[in-house]
Amino acid sequence: MKKELRAPTFFIVAGEASGDLHGSQLMIELKKINSNINFVGHGGDKMISAGLRVIEHINKMSVMGFSEIIKHLPFLFGVMGKTLNKLEKLKPDRIILIDYPGFNLRLAKNCSGLSIPITYFILPQLWAWKEKRIQVFQKYVDQSLSIFPFEQNWFEKRGVPTNYVGHPFTENITPELTKKEFYLKHNIKTEKRIITLLPGSRQQEVDLLWPVFYESAKKIKEKEDVEIVVGKFSGIQLPEKKNVIIEKDDIYAAMSYAQAAITASGTAALECAVMDTPEVVCYKLSSISAFIAKRVNKAPFVSMVNLIVNRKIVTEFLQNEVSVDNIVEEVTPLLSNTNKRKNMLLGFDEMRRSLGLPGVYKRAAESIMKKTSFG
């Protein structure tokens, strides 16, 4: 007779859209191993659909930049206190932290007295800045799961055993709609090329980038026969504009069927590269945050596309470089079969080969279950 598995409880924390996606897929794989698992914590709609009993939604927790975080500190302190109280009462079998280092590293440290083992999946970019935070891993995190090949060596050189499970984008990230269906949905003529704007998944990021992205695309449209599509993430507000197509349900389709994209630095930029969509990557913070970031950031690039292969594949514009003239000059050659476009696509192929094999969430889930003892 098959032994009935006990229902373990995992407390899982994601704080932004990408973490919600990765968290939901990890939860699905964990449930394949033990269908009785209970998930409690912070996440978004995807994690809720996968079975999360949510405490705080990512729409409230997603904050970027140094000065911006300061404004949200009272709220985040409140969430931290609520989280620690819940952990003390719930006594879960394991805490799973996904990216979101500003909150998650403090949580790992603050709950050290509770004797709950901690997994960190999608490690913070300590190799770029705030290397001293490695002490949190050394003291409080008992399992580190990396998604970038170079991270394993970096963390292990600093005394943190790390398991490289591969990158989630080796999974089959494909649009729900075919190209024909997408064009029909938005009444786009089949011969038209698309420029997709991806101004970000956080409202303050969008507020800084959207005006420049829109004006750049509008200027390109004056000379090129293109349609402007915007990939709009959940919870984001955009001002209404003429001749702009909004796609909020199938953002992968907006990425995949674009001739080129203007992208905020982050997950979307990497997704475009995986889907072979040439792009220009932009990164902009408030003046105070940018001042601090410039002095603490040790990485040679901001885009993970470039960081993975350690050379420039996509053009990056930072802060004041994020201008209409710069973006138009870089994007226009990507709309036709130029050497610039061909070289970028070759670079994307090189980058994809570095990301490992499919099965990332499955490997991560198996590692977590092997590491966890259910008393």
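In this predicted model, the side chains of Glu227 and Lys221 meet in a salt bridge, with 3.8 Å from N to O. Glu227 counts as buried, because its relative accessibility of 17% falls under the 20% that sets the limit, while Lys221, at 24% relative accessibility, counts as partly exposed. Elsewhere, salt bridges that share partners join Asp276, Asp349, Arg352 and Arg353 into one network.

The structure holds 20 salt bridges. One of them links Glu56 with Lys82, and because Glu56 lies in strand 3 (residues 52-57) and Lys82 in helix 4 (residues 66-90), this pair ties together parts that are 26 residues apart in sequence. Glu56 is buried, with a relative accessible area of 6%, whereas Lys82 is partly exposed at 41% relative accessibility. Another salt bridge brings together Lys218 and Glu215, which stand 3 residues apart in helix 9 and are therefore separated by about one helical turn. Both of its ends are partly exposed, Lys218 at 34% relative accessibility and Glu215 with a relative accessible area of 33%. The table sets out these pairs with the distance between their N and O atoms.

| Salt bridge | N to O distance |
|---|---|
| Glu56 and Lys82 | 2.9 Å |
| Lys218 and Glu215 | 3.6 Å |
| Glu227 and Lys221 | 3.8 Å |

Strand 3, which holds Glu56, also belongs to an open sheet of 7 strands, whose order is 3-2-1-4-5-6-7 and whose pairing is parallel. The edges of this sheet are formed by strand 3 and strand 7, each of which pairs on one side only. On average, and with direction ignored, neighbouring strands of this sheet are turned by 20° against each other. At the edge formed by strand 3, 4 bridges join that strand to strand 2 (residues 38-43), and the two run parallel. Within this pairing, Val40 has Arg53 of strand 3 as its bridge partner.

At the other edge of the sheet, strand 7 (162-164) is packed against by the buried residues of helix 7, which also pack against helix 6 (134-140) and strand 6 (143-146). Helix 7 covers residues 149-157, and its buried residues are Glu151, Trp154 and Phe155. Seen down the helix axis, these buried residues fall within an arc of 90°, so they line one face of helix 7. Just after this helix, Gly159 takes a positive phi of about 80°.

A further open sheet has 6 strands in the order 10-9-8-11-12-13, again with parallel pairing. Its edge strands are strand 10 (244-247) and strand 13 (315-318), each pairing on one side only, and the twist from one strand to the next averages 20°. Strand 13 pairs in the parallel sense with strand 12 (residues 279-283) over 4 bridges, and here Tyr283 stands opposite Leu318 in strand 13.

Helix 9 (residues 203-223), which carries the salt bridge between Lys218 and Glu215, lies across several strands of this sheet, namely strand 8 (193-198), strand 9 (226-231), strand 10, strand 11 (260-264) and strand 12. The helix runs at about 170° to strand 9.

How values were computed: Residues are numbered from 1 along each chain as its sequence is written. This is a predicted model: local features need pLDDT of at least 70, side-chain atom pairs count only at pLDDT 80 or more; totals for chains, interfaces and linings use all residues. Side-chain values use heavy atoms; hydrogens and water are left out. Two strands pair if DSSP finds at least two bridges between them. Axes are lines fitted to C-alpha atoms, for helices over the stretch in contact, and angles run from 0 to 180 degrees between N-to-C directions. Contact means heavy atoms within 4.5 Å. Buried means under 20% relative accessible area, exposed over 50%, partly exposed in between (1.4 Å probe, protein chains only). The arc is that of the directions from the helix axis to the C-beta atoms. A salt bridge is a side-chain nitrogen of Lys or Arg within 4 Å of a carboxyl oxygen of Asp or Glu.
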